[in-house]
Amino acid sequence: MSTAIWGIIAVLVIGTAIVGYGWWSDRETNRRREAALALPPERDIPGFRPEPVNPEYLSELQASVRPEGLAATELSADARHELTERLKGSPSFPAGWTSRAFITDRTTGWCVLPEPLVLVCADELADFRELLPALRHAKASGRALVIVSPDATSAVDATLRANMVQGTQSCLLVLLADPGLRRSLCSLTGADLMPADDLRAGFLPEDSLGTCRTWISDEDDSWVILENS
């Protein structure tokens, strides 16, 4: 064969090789793309720890026992006498604590909370999360929280009891069904009557909470001691 024919053959062979390689390369690229699409997406796991710490839970018995080292709440004899005298001229309501777990003075059976914040609810407390804004205000100010509601679920009551017993937050739940008395309590303490919808939405301006000089509750009644009582 002549040199020209060999040149043509060489060009054809090289061209065929290039086309074949391109076809193979495209096929491999498409195969890898299809395989990648079939895999789950890569994403970081927030907060992932290779050796997670197991959470600790309090049993019902542990939650009902006051830990050692918490400050004593018992009143002195003089303080009891002074408060007893002040109760005689203070407004009272026919509703007391819901559990002995709220008692701060065993001798009298009183729950005594100085200068507490007071939340007055218009509706039943169905979920503890409704109280979170009020508890945040109380925690931030270092004050106790009195919650007055027409009713509350056992879960709400139990959670508040555990907070009180464990010293996490000084608090008291009082169930006062009479709407007129709850409105009177709002007038005395400067609190707003908070509807359930607002509490569920987390809407609770700090000035919606009332206060008084001292709040005292026993098993049957509650007293509001005002500054000028």
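This report covers the cysteines, helix 5, the pairing of strand 9 and the largest pocket of a predicted model.

**Cysteines**

The structure contains zero disulfides. Cys-111 and Cys-186 are two residues to consider here, and the table gives the nearest cysteine sulfur for each.

| Cysteine | Nearest cysteine sulfur | Distance |
|---|---|---|
| Cys-111 | Cys-171 | 8.4 Å |
| Cys-186 | Cys-121 | 9.5 Å |

A disulfide requires two cysteine sulfur atoms within 2.5 Å, and neither Cys-111 nor Cys-186 is in one. Cys-111 has a relative accessibility of 0% and therefore counts as buried. Cys-186 is buried too, its relative accessible area being 10%; the cut-off for buried is under 20%.

**Helix 5**

Helix 5 runs over residues 154–166, which is 13 residues. At 1.5 Å a residue the helix should span 18 Å, and its end C-alpha atoms are 18 Å apart, so the expected and modelled values agree. Which residues of helix 5 are buried? They are Val-156, Asp-157, Leu-160, Asn-163, Met-164, Val-165 and Gln-166. An α-helix has 3.6 residues a turn, so residues three or four places apart point the same way. After helix 5 comes Gly-167, with a positive phi near 75°.

**Strand 9 and its partners**

Strand 9 comprises residues 222–225 and is covered on both faces. Ser-222 and Val-224 lie on one side, Trp-223 and Ile-225 on the other, and all are buried. In a regular strand the side chains alternate between the two faces of the sheet.

Strand 9 pairs with strand 1 (residues 92–93) in antiparallel fashion through two bridges. In this pairing, Phe-93 is opposite Ser-222. Strand 8 (residues 214–217) also runs antiparallel to strand 9, with four bridges between them. Here Trp-215 has Val-224 as its bridge partner. Four residues separate strand 8 from strand 9, and the two strands form a hairpin.

**Largest pocket**

The largest pocket holds about 510 Å³ of space. It is lined by 25 residues, of which Arg-66, Thr-73, Thr-104, Met-164 and Ser-170 are the closest to its centre. Met-164 is also one of the buried residues of helix 5. The elements that give two or more residues to the lining are strand 2 (111–114) and helix 5. Strand 2 supplies the largest share, three residues. What is the make-up of the lining by class? There are 12 nonpolar, eight polar and five charged residues.

Definitions and conventions. Residues numbered from 1 in each chain as written. Predicted model: local features only at pLDDT ≥ 70, side-chain atom pairs only at ≥ 80, totals over all residues. Heavy atoms only, no water. Buried < 20%, exposed > 50% of the residue type's maximum accessible area, 1.4 Å probe, protein only. Expected span 1.5 Å × (residues − 1). Pairing = 2+ DSSP bridges. 1 Å grid on protein atoms, 1.4 Å probe; cavity = no way out; pocket = protein on both sides within 12 Å on 5 of 7 lines; lining within 4 Å. Points joined across faces, edges and corners; volume = space filled by probe spheres on them. Nonpolar A, V, L, I, M, F, W, Y, C, P; charged D, E, K, R; others polar.
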